[in-house]
Structure formats: structure tokens, C-alpha cells
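The following exercises concern the predicted model shown below. Please attempt each task before reading its solution.

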Amino acid sequence: MSFTYQYIVIFLFVSFTSLSMAQDTASDKVSEGEKVAQLFHYFNSGLDKKAYQQAHALLPTFKSDKSVTNTNLLLAYYHNRYVAIDSSIYYTHKALNSRKNINDSLGVRLQILSYQLLALNNKNKGLYQESKNYYIKGAELSEKHNETNLYYTHIHGLASTYLTLDKTEEALALFEKCVKFSNDDEVILGSYINLGAIYSSLSKFETSNTYLQKAKEMCEKKGYNTEALVNIIINIGDNYVNKDTDKALASFNEAKKISSDNRFYNLELIALGKVGNILFNEKKDSEALLIFSNMLMQSMELGNLDAEMNSYLMLEKLSIREQNYRNAYNYGKKYYKIKDSINNSITEKEINRLEVRFKTLEKEKTIKLLQIESLNKSLNIKNKDADIEKYKLQKTIIAKQNENQVLLLQNGVKKRKNEIALLKEKEAIKAIELDREKTIKYIILIAFFILLVPIMGLLIIYYQKLQAQSLLNQKEKEINEQQVLSLKKDQELKLIKAAVRGQDIERKKIAQEMHDSIGGNLAAIKLQFSQLSKHPSKLELIYSQLDDTYEQVRNLSHNLLPKKIRENDFVFLIKEYITTVQEASDITLNVSFYDEAKINKINKILQNELFSIFQELTTNTLKYAKAKTIDIQLDLINEGLFFVYEDDGIGFDVSLTTLGIGLTNIKNRVENYKGILHIDSKPDRGTSINIEIPLTT
């Protein structure tokens with residue numbers, strides 16, 4: 001189990017932001033540099049989806065090569081984070097191709113980081129030789145330009161690749177070098193984990209636990225590296241495999257859960273494989289089959305050839321154990337197909353290298369022959385015969401040497417081709433054996449079929465009886481459901497009548513209050529105004545009566561608010577509503593307030609309006625959006641109220657859609673408070689709604 005140090009995006013953000021601000025003097029280029037800096041800020045602040053969307057929108061508008069390069073590399077890191085391997089490789093090559101200044105120091109760093117990203121993606125794809133080559137290139141370039149941290153990052157990655165290729169001694173030496181000389185906590189942490197894994201594979205479990213304990217202490221001290229913690233848990237599980245399988249399974253399942261929660265898909269595949277191996281060894285075949293089938297589907301989605309090949313191998317073994325040779329043959333065929341494709345890829349490259357070496361030897365032979373001919377012309381006449389003999393001898397020796405070298409190269413190529421042919425012959429023999437076993441199996445099945453025909457007749461008769469009974473039960477169920485619906489409708493009518501009676505009582509109460517108190521006060525004020533010209537001293541009494549009337553109107557409006565708004569804190573009502581929605585559906589709601597105390601003190605009428613807006617938006621999402629997550633943020637900052645509502649549903653085209661009654665009501669409520677409503681939505685991208693309401697007008 002290897003730990004990979006993947007993300008140096010913060011370093012990239014600081015480096016290329018400073019480069020853009022220092023070298024781009026024109027105002028439009030400075031603006032591009034600031035936009036790129038904002039994209040990296042989003043990416044490193046957890047808003048990676050926002051960074052991805054804005055990067056795609058801004059990339060066609062950039063004119064600066066540096067801005068294009070930085071944006072392509074950000075997209076490469078985004079796809080690497082979510083294990084979209086081919087997309088990450090594509091954007092990394094685009095970043096390298098768009099880089100103009102090769103000798104620039106920051107340009108060199110970008111090239112080093114690109115090599116590291118290509119190495120990681122090729123390793124995740126199972127192409128370990130390609131991964132090793134990129135790590136070596138990155139290490140050489142880092143050492144050449146005194147990039148110490150990046151040098152040890154590539155050394156660590158190279159050691160991880162050696163470990164995957166079973167070159168344990170080379171990997172052990174490089175990891176110990178990283179621990180001894182590197183100043184990077186991430187590299188040291190990864191080295192501790194890998195050293196623990198290596199010593200565990202050498203059955204030196206005490207030494208392994210020492211390194212794993214150091215790694216665990218670093219994780220607990222830093223409190224941020226969840227991926228490293230998953231690797232530690234997996235390695236601890238490996239140490240328990242041969243001692244206590246229950247503890248091993250507990251460790252692997254814990255690692256699998258953490259990986260799934262944090263979208264570490266490749267680590268999840270590794271944990272799944274280890275759980276499956278334990279179940280296979282304990283002969284729990286049904287559980288192991290489920291694990292490896294799930295692992296196969298995930299590895300195919302992620303393009304992880306190594307995990308896919310291992311899944312086929314284990315499914316083949318399970319099928320053989322169950323004597324299902326047909327499935328075993330199919331799984332084995334798919335396993336060798338992937339393995340041969342990888343081996344053929346490597347073999348073709350080796351053949352190409354041999355051909356290059358052969359052509360080089362031919363050129364060297366020609367140069368040597370020309371040198372000998374030149375030497376022959378300069379010989380003295382008296383020594384001509386001796387020199388000619390010497391020349392012929394040298395020519396013969398050179399020809400023999402070249403012939404031997406060519407034969408060696410040809411033998412190497414033939415050896416590779418013979419190995420491939422041998423593998424194909426083995427596969428053909430295995431296919432013949434499986435066909436023979438399949439024929440025997442078909443004969444047995446035909447015999448069983450002859451015996452099963454009478455039994456099938458009895459089963460059909462029994463099934464018809466069951467079907468008739470099922471129809472009878474279905475009719476009885478429909479009758480019961482109709483009776484329940486009838487009772488529900490009666491109950492609903494009673495509730496509606498009760499609500500209408502309550503509304504009538506409330507209307508009468510409000511009318512009586514307005515007639516007795518507010519109406520009386522207004523009549524008195526009107527009378528005072530009619531006598532104001534004769535009694536100017538009554539002006540102060542009129543003001544007093546107006547204040548009293550205003551207070552009565554205010555109390556009446558407060559009494560019209562729902563009881564839950566009047567008697568509870570606003571934040572508590574929102575959280576209570578969220579709990580109700582989550583219990584009644586599969587959707588997840590995330591909400592944040594700032595600051596809660598101030599939000600609870602805003603006007604109750606405005607609280608009622610906000611609660612209605614919140615209910616309407618949530619209802620729309622549940623009905624139409626098909627979303628899995630809703631994110632809500634309500635902030636009260638500088639006498640302004642900011643309400644942000646986002647979902648990850650199917651979205652809609654704002655330009656082609658007419659606002660419905662619900663959204664129109666929301667717009668009217670916001671405009672009544674002189675606020676601003678902004679709706680941002682596109683198909684398959686979710687919906688974002690921003691509301692700003694000033695609290696001082």
C-alpha cells in the first residue's frame with residue numbers, strides 16, 4: 001500500500017499569481033491574473049466545483065499564455081481529485097503545450113508539477129512504467145534547478161511506483177532518504193506509511209507498527225490529512241491479516257467507509273479488494289462474490305486497469321471453486337486480455353528501442369569503415385600490402401562484432417515474441433479444456449432437464465393457484481385502500497371546516513378590534529381636527545391620540561403573525577423545518593447562519609416573509625429539481641440580509657422559462673423590502689438563488 005503526495009495547488013496559486021501581477025503590466029492582463037488567482041482561491045477553499053465551472057467559462061476569453069497555462073493546470077488538478085484520469089492527462093498536456101517561456105523559473109516549476117501529475121495519473125491507470133519515467137524526469141529537472149521540495153516529492157512518488165512494481169529494496173532506500181533529508185511534512189508522512197507497509201510485507205511487524213505509529217501521530221497532530229489516515233488504517237489491517245482476521249476486517253471496512261465519504265475512490269477499491277481476499281480465504285464465497293463484483297464495476301468506471309484485472313482474477317477463482325467453469329472461462333479471458341494489452345504496450349516500446357540501437361550500430365559501423373578507408377589512403381607504398389591485410393582483418397572483426405550485436409538484438413526481439421506466443425498457446429489450451437468441461441456439463445444438464453419436466457408441470461399448476469389467490473388478495477387490498485381513502489377525505493373535510501370556522505372567528509375578532517379601538521380613536525381625532533381652529537391647544541392631544549392609534553395598529557399586525565413566528569426564534573424554526581424535510585425525504589440540507597443572535601432579532605414580519613420564501617424554494621426543489629443536496633446560507637452583515645439558496649438538481653433555462661406563481665410571490669416579497677432577487681440556473685447544473693435585503697432604508 002503506497003501513499004501518494006498529490007496536491008501542490010496552493011504553491012502553484014502563489015507562484016503564478018505573483019508572476020502574473022509582476023509581468024503583466026497592461027490592465028487587461030492584470031485583470032486576467034486576478035481572475036486566475038480567484039479560481040485557485042476557490043479551488044483551495046473547498047469550492048472546487050465553482051472553480052471548475054468558472055475556469056471553463058473564462059478559458060476562451062484569456063489572451064495571456066500564462067493565464068491559459070494556469071487555468072489548464074487547475075482543470076487537470078480538478079479531474080485528478082475526482083479520479084477522471086484521462087481528462088486530467090488531457091489538460092496537463094494542454095498546460096505544457098500552452099507554456100511559452102521554457103527557461104522561466106516558474107515555467108520550470110510548472111513543467112515539474114506537470115510531470116508529477118502525469119506520473120500520478122498513469123499510476124492510477126495501472127501504467128507503472130510510464131509513471132516511473134515521469135517521476136524520474138521530474139526528479140532530474142528538480143535537482144537541476146535546485147527545487148528541493150519538488151525533488152523529494154518526485155523521489156517519494158518514484159519510490160511508491162517501485163513498491164507497486166515489487167522492487168522493494170529500491171523503494172525502501174528512497175523512502176528512508178525522504179525521511180532523513182526532506183523538510184516536507186506530507187512527504188515524511190507518506191514515507192512513514194510506506195515504510196510501515198514494506199516492513200509489514202517482510203513480516204517485521206514491530207518495525208512496521210513503529211513507523212505506522214509515527215504516521216498516526218503526525219495525522220493527529222496536523223488534524224487534516226484524511227487520505228493519509230486511510231492508508232495507515234489499511235496498513236494496520238494488513239498487519240492483522242495473519243493474526244486476527246476480525247480486527248483486519250474492522251480496519252479495512254473502516255478505511256473503506258472513510259474513503260467513500262471523502263471520495264478517495266482508488267483507496268476504496270484497495271480496501272474492497274482486501275476485504276474480498278479475507279472473505280475468499282475464509283471460503284465465504286457469496287460475500288466475496290458481492291465484494292469483487294462491486295469492485296469490478298467501480299474499477300471499470302474509474303479506468304483503473306490494475307483493480308479491474310484483480311477483480312477478474314478473483315472472480316475466476318470463485319467460479320472455479322463453485323465449479324462454474326463457463327463463468328471462470330469468461331473471467332479468465334478478460335483477465336488475460338487486459339494483461340496482454342499492458343504487456344504488448346511495453347513490448348512494442350522495447351522493440352522500438354532495439355530498432356533504434358540497431359540503426360545506431362549501423363551508423364557507427366559506417367563511420368568506422370570510412371575511418372579505415374581514410375587510414376588506408378595515408379599508408380606508405382612500401383607497407384601497402386601489410387596495411388591492406390590489416391584493413392581486411394579490421395573490417396572482418398568489425399563486421400563480426402556488428403553481426404554479433406545484431407544477432408543479440410534480433411534474439412531479444414524473438415525472445416519477446418516467443419513469450420507472447422507461449423502465453424497465447426497457454427490461453428488456447430485452457431480454452432480447449434474449458435470447452436471440454438462445458439460439453440460434459442451440458443450433457444449433465446440435459447439429463448437433469450428430462451427429470452425436471454414432470455416437476456415443472458406440477459410447479460405450473462401450483463403457480464396458477466398462487467396467481468388466483470394473489471388476484472383475490474389484490475382485490476381485497478384495493479377495497480381496503482378505497483375505504484381508507486374515504487375515511488381520510490372525511491377527516492380532511494372536518495379539518496377544513498374547522499379551519500374555516502377558526503378563520504371566521506379570527507376575522508370577527510380583528511373587525512371588532514378595529515371598530516372598537518382604532519375606529520373610535522380615528523373618530524375622536526377627526527372631531528379634534530374640526531375644533532383645532534378654535535382650540536389650537538388641542539394639537540398636542542391629537543398627536544397623543546395618533547401615537548396611541550399607531551401602537552394599536554402595530555399590536556394588531558403582530559397579532560396577525562403565526563403563533564410559531566411570534567413565540568419562537570427564527571433560527572430554531574428553520575432548523576426544525578429542515579429536520580422535518582430530511583425525515584420525510586432522501587434529500588440532504590446544509591444550512592449556516594451568521595450571526596444567529598442578530599438574525600433572531602430582526603423584525604417578526606420580515607421573519608415571516610423569509611420563512612415563507614424558504615418554504616416555497618424547498619417545496620419547488622422537492623417537486624421538480626430531483627436534487628440530492630440543498631445548501632442554504634443566511635448572513636446578516638453591515639445592516640444587510642444576504643440569503644443564498646443552492647441545489648444540485650436538474651436546473652432549468654432561465655431565459656426560456658416563465659416564472660411561476662411561487663417564484664413570482666418570492667419576487668414580490670423581496671421587492672416590498674426594496675431587495676434584489678437573482679436566479680442563476682442551467683440544465684444539468686443545478687439552481688442558485690441570491691437574495692439581498694437592506695435592513696435600513
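**Exercise 1.** Determine how many helices and strands the protein chain contains, and what share of its residues is buried.

*Solution.* The protein chain holds 24 helices and five strands. Of its 697 residues, 38% are buried. Turning to contacts with a separation of 6 or more, 62% of those in the protein chain join residues 24 or more positions apart.

**Exercise 2.** Establish how helix 14 and helix 15 are oriented relative to each other, and which residues make their contact.

*Solution.* Step 1: helix 14 spans residues 265–281 and helix 15 spans residues 285–302; their axes come within 9 Å and cross at roughly 155°. Step 2: angles over 145 degrees count as roughly antiparallel, therefore helix 14 is roughly antiparallel to helix 15. Step 3: the crossing of helix 14 and helix 15 is left-handed. Step 4: helix 14 contributes residues including Tyr265, Leu269, Leu272 and Phe280, while helix 15 contributes, among others, Ile291, Phe292, Met295 and Leu302. Step 5: by class, the residues of this contact comprise 11 nonpolar, seven polar and two charged.

**Exercise 3.** Identify which residues touch the most other members of the largest nonpolar core, and which helix gives the most to this core.

*Solution.* Step 1: the largest nonpolar core has 63 residues, and Phe175 and Leu189 touch the most other members. Step 2: helix 6 (residues 105–124) gives the most to this core, namely nine residues. Step 3: leaving aside residues up to four places away in sequence, Phe175 touches His156, Ala159, Ser160, Leu163, Ser191, Asn194, Leu195 and Ile198. Step 4: another core, of 35 residues, lies apart from the largest one and includes Ile587, Phe611, Ala625 and Ile630.

How values were computed: Residues numbered from 1 in each chain as written. Predicted model: local features only at pLDDT ≥ 70, side-chain atom pairs only at ≥ 80, totals over all residues. Heavy atoms only, no water. Axes fitted to C-alpha atoms, helices over the stretch in contact; angles between N-to-C directions. Helix = DSSP H or I, 4+ residues; strand = E, 2+ residues; numbered from the N terminus. Parallel < 35°, antiparallel > 145°, perpendicular 65-115°, else oblique. Left-handed = near helix turned anticlockwise from the far one by under 90°. Contact = heavy atoms within 4.5 Å. Nonpolar A, V, L, I, M, F, W, Y, C, P; charged D, E, K, R; others polar. Core = buried A, V, L, I, M, F, W, Y, C linked by side-chain atoms within 4.5 Å. Buried < 20%, exposed > 50% of the residue type's maximum accessible area, 1.4 Å probe, protein only.
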